[in-house]
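Thank you all for making the time this morning. I would like to walk through one structure with you, going back and forth between individual residues and the fold around them.

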Amino acid sequence: MVQETNPSLVNLNRIEVGQKIVFPAMGGSLDQSPTFTVHIASFRPFEKARELFQKLTQEGYEAYIMPVYNPEMGKVFRITLGSFKSRREGNAYAAAVLRRGISEYAETIQLEMK
């Protein structure tokens, strides 16, 4: 289905950096409830984000790198931890992140699914 939606995609197993891909709709069968994660850091250079991501995953954390456009800073790479079904769960995890000293900053954010 991905190949059909993206006829210009030559090899589905080799996607280039910056290449745009459209994912087909799944007929409404996906859970549309909000998803939350805990934002702990942002970096402009990707390398710094990758270093922290690798450290956290090696320590057993569910870490993510998210490219985000910030009007003041341009493109930045957010590091987030966890995936939660409610803001309350995210806030509890954010408090634990601060308590354990994993990061000096922890804010629950809602992921936008488009």
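Let me start with one residue: once neighbours within four places in sequence are left aside, Glu107 is in contact with Thr37, Val38 and His39. Glu107 belongs to strand β4, and with a relative accessibility of 38% it counts as partly exposed. There is also a separation to note here, since the C-alpha atoms of Glu107 and Gly90, which are 17 residues apart along the chain, lie 8.3 Å from each other. Please keep in mind throughout that what you see is a predicted model.

Now to the overall layout. The protein has three helices and four strands, and read from the N terminus on, its elements follow the order α-β-α-β-β-α-β. Of its 114 residues, 25% count as buried. If we take the contacts between residues at least 6 apart in sequence, 51% of them join residues at least 24 apart.

The four strands form an open sheet, with antiparallel pairing, in the order β2-β3-β1-β4. The edges are taken by β2, residues 63-70, and β4, residues 107-111; each has a single partner strand, so one side of each is left without a neighbour in the sheet. On average, and with direction ignored, neighbouring strands of this sheet are turned by 45° against each other.

Looking at the individual pairings, β2 and β3 are joined in the antiparallel sense over eight bridges, and a hairpin connects the two through three residues. For β1 and β3, the pairing is again described as antiparallel, over six bridges. Phe77 in β3 appears in both registers, being the bridge partner of Pro67 and also standing opposite Phe43.

Which strand holds Thr80, and is its side chain's setting buried or exposed? Thr80 lies in strand β3, which covers residues 74-84, and at 0% relative accessibility it counts as buried. Its side chain makes a polar contact of 3.1 Å with the side chain of Thr37. Beyond its neighbours within four places in sequence, Thr80 is in contact with a set of residues that includes Thr37, Val38, His39, Tyr64, Met66 and Ile109.

The other half of that polar pair deserves its own description. Thr37 is found in strand β1, and it too is classed as buried, at 1% relative accessibility. Besides the contact with Thr80, the side chain of Thr37 reaches the backbone oxygen of Gly82 at 2.6 Å. Not counting residues up to four places away in sequence, the residues that Thr37 touches include Tyr64, Met66, Leu81, Phe84, Glu107, Thr108 and Leu111, and with Glu107 among them we are back at the residue I began with.

Let me turn to the helix that packs on the sheet. Helix α2, residues 46-58, has 13 residues and reaches 18 Å from its first C-alpha to its last, close to the 18 Å expected at 1.5 Å a residue. The helix lies across β1, β2 and β3, and runs at about 155° to β2. After α2 comes Gly60, whose phi is positive, near 95°.

Within α2 we find Ala49, which is buried, with a relative accessible area of 0%. Leaving out residues up to four places away in sequence, Ala49 touches Phe43, Ile65, Phe77 and Ile79. The C-alpha atoms of Ala49 and Met66, 17 residues apart along the chain, are separated by 9.4 Å.

That brings me to the nonpolar core. In soluble globular proteins, nonpolar side chains tend to be buried together. Here the largest nonpolar core has 14 residues, and those with the most contacts inside it are Val38, Ile40, Leu56, Ile79, Leu81, Val97 and Ala106. At least two residues of this core are supplied by each of β1 (35-43), α2, β3 and α3 (87-100). As for Leu81, its contacts beyond four places in sequence include Val38, Ile40, Leu56 and Val97, together with Tyr61, Tyr93 and Ile102.

To close, I would keep two pictures in mind: the buried Thr80 with its side-chain polar contact to Thr37, and the 14-residue nonpolar core to which strands and helices alike contribute.

Definitions and conventions:
Residues numbered from 1 in each chain as written. Predicted model: local features only at pLDDT ≥ 70, side-chain atom pairs only at ≥ 80, totals over all residues. Heavy atoms only, no water. Buried < 20%, exposed > 50% of the residue type's maximum accessible area, 1.4 Å probe, protein only. Polar contact = N/O pair within 3.5 Å; in protein donor to acceptor, adjacent residues only side chain to side chain. Contact = heavy atoms within 4.5 Å. Expected span 1.5 Å × (residues − 1). Core = buried A, V, L, I, M, F, W, Y, C linked by side-chain atoms within 4.5 Å. Pairing = 2+ DSSP bridges. Axes fitted to C-alpha atoms, helices over the stretch in contact; angles between N-to-C directions.
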